[in-house]
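The following report concerns enclosed space and strand pairing in one protein model.

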Amino acid sequence: MGSVLDTRSLNRATLARQLLLSRAPLSAEDAVAHLLGLQAQNVKPPYFQLHARLAGFRPAALAELMETRKVVRMVTMRSTIHTHTAHDALTLRPLVQAARDREVNAFRKGLVGVDLERLGELARAFVEAEPRTMGEIREELLGHWPDADPQSLSVAARCRLPLVQVTPRGIWGRSGQVRLTTLQQWIGHAPGEAPPAHDVDDVVLRYLGAFGPASVKDMQTWAGLTRLRDAFERLRPRLTVFRDENGVELFDLPDAPRPDAATPAPPRFLPEFDNLLLSHADRTRVIAPELKGRTWTGNQSHRTLLVDGFVAGLWLWEEGTLTIELFGKVSKAEKEHIVAEGERLIAEMGEQSEMAETGGRPSVRFGSIHG
C-alpha cells in the first residue's frame, strides 16, 4: 500500500507539473511538448494556456511556431482538436488511432456500402492536392457514395486520416476558415503505424510528468483510450505508488515535484477547455465537488479562475473589460492578487484596440459574466 496523498497535496503536485505554481522560463515549443499538447477547440485558448504558465510569453511566440509548422492543430486525445509539436503529432496520433476506428464504427449505419480503405485513399488525394474544408471533403465523397450519410462520410475521413488545420487558422489576431490537409503533406513526415509497447510506455511517463500523480483511469480519461493498465504494470518497478483519500492507486515519477500542500498557489486565468480540468477521471484535485458543473453550460466550457490552486470562479473578457465572477468569498489580499493577475493578462495579451477603449488602462471588475 502506498502512502496517502490528500487533495491539497495532489493539487500542488499537479499545479507544479502544469507550470501553474510559478511561470516557467521555457520556450513556447518546449512547453507545448512538456504538456503533451494544448486543447484547441477554439483559436485563442492555447495562447492563454501558455500565458498562464510561461514567463514573458507573448502570442507571437506560438503564432510563429504555427506558421513555421513546428506545431500543428489536429484531432488527437478524446477526439478533440489539440495544438501539438510536430514530433508529438507524429507519435500521439497513431496512439489514438484505435479510438478513432471505434468512432467510425459508431457511424457504420450511415456508411453501408462504403469501402473505408478507398474512402481514405480518395480523401487523402483530395486534401493533398490543396487544403480543403470539411464541407468540400464531404461533397467530394458524396460524389462516390451518394447514398451514404454525409456526416458519417465526414467522420470517416477525419478518423481515417491524420488531418491538420492549416494556417492562417489558429494564428493569433488573424482569421481563417478551417481547411485541412494531411499531417504528412503539411510537415513532410508521415506518422507511423500503431506504436510499439515502448512508445506507449514513454507516453505514460510523459503523462505522469505533466499530470501526475495519476491513476490508470486518469490517463485513460486524458487520452480517450482504454486498456492502459498493462503499460502501467510494465512500468510499476520504475514508478512511485501512492493512494488518494479514497484508496485509488496513483502512479508517479520518483523524482517528479510534489510540493508541500501549504505551498502558495497564485491566481491564474485559464481559458475554456484547459487540459488541467479535463485530464483526470477524478477532478476534485482542482474542482471542489460542490462546484461540479459550474464551469460548463451545455457542451461549452467557460473560462475559469484558479485561486489557491482550485477553481474559484469564471471570467469573461470583452469590450476592453475583464469581468470576474467568483463562486465564493475571497480575502482582500486574494482579491488584490486576482486584480493584479487580471491586469497583467490584459496588458500582455490585449489587442491595441481593446487597450485604446480603456485609455491604455487595464479594466478589471467583479460581477456576473452573464450580465
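A cavity is, on a 1 Å grid over the protein atoms alone, a set of points where a 1.4 Å probe fits but cannot get out, and lining residues have an atom within 4 Å of a point. The model is predicted: local features need pLDDT of at least 70, side-chain atom pairs count only at pLDDT 80 or more, and totals for chains, interfaces and linings use all residues. Residues are numbered from 1 along each chain as its sequence is written, and side-chain values use heavy atoms, with hydrogens and water left out.

The search of the whole structure returns 2 cavities of 30 Å³ or more; a volume is the space filled by probe spheres set on the points, which are joined across faces, edges and corners.

| Cavity | Volume | Lining residues, among them |
|---|---|---|
| Largest | about 50 Å³ | Pro 271, Phe 273, Trp 296, His 302 |
| Second largest | about 30 Å³ | Gln 18, Arg 53, Phe 211, Asn 275 |

Asp 274 lines the largest cavity and also the second largest.

Strand 3 (residues 71-75; strands are DSSP runs of E, at least two residues, numbered from the N terminus) is largely enclosed by the rest of the structure, because 5 of its 5 residues are buried, that is, under 20% relative accessible area with a 1.4 Å probe, protein chains only. Val 71, Arg 73 and Val 75 cover one side, and Val 72 and Met 74 the other.

Strand 3 pairs (at least two DSSP bridges) with strand 4 (residues 81-85) in the antiparallel sense over 5 bridges, where Val 72 has His 84 as its bridge partner. Strand 3 also pairs with strand 5 (residues 163-165), again antiparallel, over 2 bridges; here Met 74 is partnered by Val 164.

Note on methods:
Buried means under 20% relative accessible area, exposed over 50%, partly exposed in between (1.4 Å probe, protein chains only). Helices (H or I, at least four residues) and strands (E, at least two) are DSSP runs, numbered from the N terminus. On a 1 Å grid over the protein atoms alone, a cavity is a set of points where a 1.4 Å probe fits but cannot get out, and a pocket is an open set with protein on both sides within 12 Å along at least five of seven lines; lining residues have an atom within 4 Å of a point.
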